Amino acid sequence: FADSGNGPGNVFMIAYPYWWDHRALGLNAGLPDWPNGIIRADDVPGFLRAGLERTDHYRLNPDRDILFFYNTQDEATEQQLRDWFPEGQSQQIESYQAGDVYGLYRVPAPGASYLMTLVVPE
């Protein structure tokens, strides 16, 4: 995804208890300092806005697709992503280890103005 022109600043991982550490995802991608691990889904709007302001390799490009990794057991996070990005598509991927499934939610390029309208759920 990142190598196809979307960039590492357009990839995020939303944490879930006793699940992956975002640093492992970064290491696997050859980016040990990848900063886009999000602790709570409610923090997504803030991370996206901060990504727009970055000036380094991890800048969010709002004119390219965005990809979220999430735990498939975290139904609330998936629903929140659907609410924020109804045009997005979810996909379940089985890792190299049988039974280890994770979710991807791909958002078509939303544009900066749309990202600035996102609000944190109450």
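## Aromatic rings, helix α3 and an exposed tyrosine

Ring pairs join Phe 12, Phe 68, Phe 85 and Tyr 114 into a cluster. The model you are looking at is a predicted one, and the aromatic side chains make a pleasant place to start. In total, four aromatic pairs are counted. One of the ring pairs is formed by Phe 69 and Tyr 102: their ring centres are 5.7 Å apart and their planes meet at 25°, so this pair is stacked. It bridges distant parts of the chain, since Phe 69 belongs to strand β3 and Tyr 102 to strand β5, with the two positions 33 residues apart in sequence numbering.

How do the partners of this pair stand in terms of burial, and where does Tyr 18 fall? The table sets out the three residues, beginning with Phe 69.

| Residue | Relative accessibility | Class |
|---|---|---|
| Phe 69 | 12% | buried |
| Tyr 102 | 14% | buried |
| Tyr 18 | 87% | exposed |

Both ring partners count as buried because the cut-off is under 20% relative accessible area, with Phe 69 at 12% and Tyr 102 at 14%.

Let us turn to helix α3. Its buried residues are Thr 77, Glu 78, Gln 80, Leu 81 and Trp 84. Viewed down the axis of α3, these residues fall within an arc of 160°, so they line one face of the helix. Glu 75 and Ala 76, on the other side of α3, are exposed. What do the buried residues of α3 pack against? Their neighbours are the strands β1 (11–14), β3 (66–71), β4 (89–94) and β5 (101–107), together with the helices α2 (44–53) and α4 (112–115). Strands β3 and β5 are also where the stacked pair sits, with Phe 69 in the former and Tyr 102 in the latter.

Glu 78 deserves a visit of its own. This residue lies in α3, which spans residues 75–84, and has a relative accessible area of 17%, so Glu 78 is buried. Which side chain does the side chain of Glu 78 meet in a polar contact? The partner is Arg 82, at 2.7 Å. Leaving aside residues up to four places away in sequence, Glu 78 touches Tyr 70 and Ser 90.

Finally, back to Tyr 18. This tyrosine is found in the loop between β1 and α1 (22–28), and at 87% relative accessibility it counts as exposed. Its phi is near 60°, a positive value in a residue other than glycine. Most residues other than glycine have a negative phi.

Terms used:
Residues numbered from 1 in each chain as written. Predicted model: local features only at pLDDT ≥ 70, side-chain atom pairs only at ≥ 80, totals over all residues. Heavy atoms only, no water. Helix = DSSP H or I, 4+ residues; strand = E, 2+ residues; numbered from the N terminus. Buried < 20%, exposed > 50% of the residue type's maximum accessible area, 1.4 Å probe, protein only. Polar contact = N/O pair within 3.5 Å; in protein donor to acceptor, adjacent residues only side chain to side chain. Contact = heavy atoms within 4.5 Å. Arc of directions from axis to C-beta. Phe/Tyr/Trp six-rings, centres within 6.5 Å; stacked < 30°, edge-to-face > 60°.
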